[in-house]
Amino acid sequence: MHDHRRIGRELDLFDTDPLMGSGLPYWLPAGAAVRHALEEYVRDVERRAGYRHVYSPVLGKRELYEISGHWAHYSDDMYPPMDVGGEQVVLRPSLCPHHALIFRSRGHSYRELPLRLAELGGMYRSELSGVLGGLTRVRAIQLNDAHIFCTPEQAADEARAALELIRRAYAAMGIRPARYRLSLPGAGGKYVADPDMWRRAGALLAEVLDSLEVAYEAVEGEAAFYGPKIDVQIADGAGREATLSTVQVDFHQPRQFDLGYTGPDGTRHRPVMVHRSIVGSVERAVAHLIEVHGGAFPAWLAPVQLVALPVSEAAVSAADALVRRCVARGLRAELAGPERGTLGARIRDARLVPYQAVIGPREAADDQVALRLRDGRRIDPLPAAEALARVLALTSGHGLDLWDG
Ligand SMILES: [Zn+2]
């Protein structure tokens, strides 16, 4: 496996600046293109799975986190409050409290449940500067988050469906979980004291894992303070594990925020919150993608998906026209002309680009494209429109195969 920091620099994906601060990377255009493709994929998958997207602010009043329980159980990881006009506001350590308030802002009938609120939102973690590096330990996190408000009877199905979305996303990204972990509470005052709640929520998640026949390890001391989690663990080259995706069942925050819905009997009932993240934080997801693929991202994620390589000056205008057609159809395409060196050198420079279109005099005259694939395969010349349509079908299908023939 590769070091994502080295490749991130070599491929101009992201960087840091001491004036922005450690643990606060910025994304260069190539890295932003990867991130954007990942975010677009996640939002699309969520929309199709019945999620509704919201936006909420990255700041909240201190009282909000006192109610949620973060202040009592999680303040070590939070930034100190800021005094603003006599009020204390904090950078949020998670999105749950905001989503609980959004749910609470409107009356709900059981007919609307499960209500799935999703957001790719910012949150902040007060990491010490000694442990920061690259994209894996950061102070500003963009989380692919969602909270499903549902009846207790719906919670297991929702958790199961979320795990299936995770599996599908991993297949599209070409990554594999190192293991599944059922994260349970441990000793100490970190966890909300309610043994019955922990038993119910833990049993529910174990049942979900069993029903999907997923092998997992139950580990104490890794739960969220409000509830147990299914954590999908990934490992780096050194075997160090981190949690990427998670599915959690929470009976605590609905009670803290006094959430309710009207049941079929006309009385008020308490919903359950299922917290889930499909790809985790975009920082960690992209770091892992870089390490697993060594910069050769699946075509749908590649910063540049197609490079046009005119054999000589005479083919430059045809290559340029091809790039423009690609860009107009939504592909990320670039021209690498003769001023960048010999054809061989340009092909070597483009070795991470999934599709390389070599344009010689014949291709230029006939509006054809001879594609070379990143994996070394060569495709016989095709009419440009057909080559383009096939590349688009492959990239928009989020598959790993570079060709369908
Ligand atoms: Zn949450």
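What share of the contacts in the protein with a separation of 6 or more comes from residues 24 or more positions apart? In this model, which I should say at once is a predicted one, such pairs account for 71% of those contacts. As for the overall picture, the protein has 13 helices and 20 strands, its C-alpha atoms fill a box of roughly 75 × 50 × 40 Å along the principal axes, and of its 405 residues 39% are buried.

I would like to spend the rest of my time on helix 7, which runs over residues 195-211. From the first C-alpha of its 17 residues to the last, helix 7 reaches 24 Å, which is close to the 24 Å expected at 1.5 Å a residue.

Now to its surroundings. The buried residues of helix 7 are A201, G202, L205, V208 and L209, and, seen down the helix axis, they fall within an arc of 120 degrees, so they line one face of the helix. The general background here is that an α-helix has 3.6 residues a turn, so residues three or four places apart point the same way. On the other side of helix 7 we find P195, D196, R199 and D210, which are exposed.

What, then, do the buried residues of helix 7 pack against? Their partners are helix 6, at 155-173, together with four strands that I will name in order: strand 9 at 179-184, strand 10 at 216-220, strand 11 at 229-235 and strand 12 at 241-250.

One last backbone detail concerns E213, which lies just after helix 7 and takes a positive phi of about 55 degrees.

Key. Residues numbered from 1 in each chain as written. Predicted model: local features only at pLDDT ≥ 70, side-chain atom pairs only at ≥ 80, totals over all residues. Helix = DSSP H or I, 4+ residues; strand = E, 2+ residues; numbered from the N terminus. Buried ≥ 20, exposed ≤ 12 C-beta atoms within 10 Å, placed from the backbone. Contact = placed C-beta atoms within 7 Å. Expected span 1.5 Å × (residues − 1). Arc of directions from axis to C-beta.
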